Amino acid sequence: MPSSPSREFARLYKKHQNEIFRFCFLRISDREEAKDLSQQVFLKTWKYVEEGQELHNPKAFLYEVARHLVIDWYRKKKE
């Protein structure tokens, strides 16, 4: 029996949540903002999967989303 997308996503979250948080934290040095960004990474990933898109390399996708969110964070901070 194939597992559901929500179950697969829960596994993905559990497996990568700490490393995505560290990725964000090491770049912005603000714990609360890094928590928020890491949650946004998984929210955007969930929305992507819900739209019917397939993740060929989930870890790479998470890091790419995180990288873009960090860049956006710095852009907003400049304003």
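Ser 38 touches Ile 20, Phe 21 and Cys 24, once its neighbours within four places in sequence are set aside. The model here is a predicted one. Ser 38 itself belongs to helix 2, which covers residues 31–50. With a relative accessible area of 4%, Ser 38 counts as buried, because that value is under the 20% cut-off. Its three partners turn up again among the buried residues of helix 1, a list that includes Ile 20, Phe 21 and Cys 24.

Stepping back to the whole chain, there are three helices and zero strands, and the pattern along the sequence reads α-α-α. The C-alpha trace spans about 50 × 20 × 15 Å along its principal axes. Of the 79 residues, 28% count as buried. As for how the contacts are spread along the sequence, take those between residues at least 6 apart: 61% of them join residues at least 24 apart.

Helix 1 runs over residues 5–28 and carries a kink of about 50 degrees, centred on His 16. His 16 is also one of the buried residues of this helix, alongside Phe 9, Leu 12, Glu 19, Ile 20, Phe 21, Phe 23, Cys 24 and Ile 28. What do these buried residues pack against? They face both of the partners on offer, helix 2 and helix 3. Just after helix 1 comes Ser 29, and its phi is positive, near 55 degrees.

Now for the pairing of helix 1 with helix 2. Their axes come within 8 Å and cross at roughly 145 degrees, and the crossing is right-handed. On the helix 1 side, the contact is made by Pro 5, Ser 6, Phe 9, Leu 12, Tyr 13, His 16, Gln 17, Ile 20, Phe 21, Cys 24, Phe 25 and Ile 28. Helix 2 answers with Arg 31, Glu 33, Ala 34, Lys 35, Leu 37, Ser 38, Gln 39, Val 41, Phe 42, Thr 45 and Trp 46. Sorted by class, that makes 14 nonpolar, six polar and three charged residues. So His 16, where the kink is centred, and Ser 38 both take part in this contact.

Tyr 13 gives another view of the helix 1 side, since it lies in that helix. Is Tyr 13 buried or partly exposed? Its relative accessible area is 26%, so it falls in the partly exposed class, which lies between the 20% and 50% cut-offs. Beyond its neighbours within four places in sequence, Tyr 13 is in contact with Gln 39 and Phe 42. Glu 32 sits 19 residues along the chain from Tyr 13, and the two C-alpha atoms are 18 Å apart.

Helix 2 also packs on helix 3 (residues 58–78), at an angle of about 130 degrees and with the axes 9 Å apart. That angle is why the two helices count as oblique to each other. This crossing, too, is right-handed. From helix 2 come Glu 33, Leu 37, Gln 40, Val 41, Phe 42, Lys 44, Thr 45 and Tyr 48, and they meet Phe 61, Leu 62, Val 65, Ala 66, Leu 69, Val 70 and Trp 73 of helix 3. The classes here come to eleven nonpolar, two polar and two charged residues. Phe 42, one of the partners of Tyr 13, is listed in the contact with helix 3 and also in the one with helix 1.

Technical notes. Residues numbered from 1 in each chain as written. Predicted model: local features only at pLDDT ≥ 70, side-chain atom pairs only at ≥ 80, totals over all residues. Heavy atoms only, no water. Helix = DSSP H or I, 4+ residues; strand = E, 2+ residues; numbered from the N terminus. Buried < 20%, exposed > 50% of the residue type's maximum accessible area, 1.4 Å probe, protein only. Contact = heavy atoms within 4.5 Å. Axes fitted to C-alpha atoms, helices over the stretch in contact; angles between N-to-C directions. Parallel < 35°, antiparallel > 145°, perpendicular 65-115°, else oblique. Left-handed = near helix turned anticlockwise from the far one by under 90°. Nonpolar A, V, L, I, M, F, W, Y, C, P; charged D, E, K, R; others polar. Bend = angle between axes of the 7 residues up to and from the residue.
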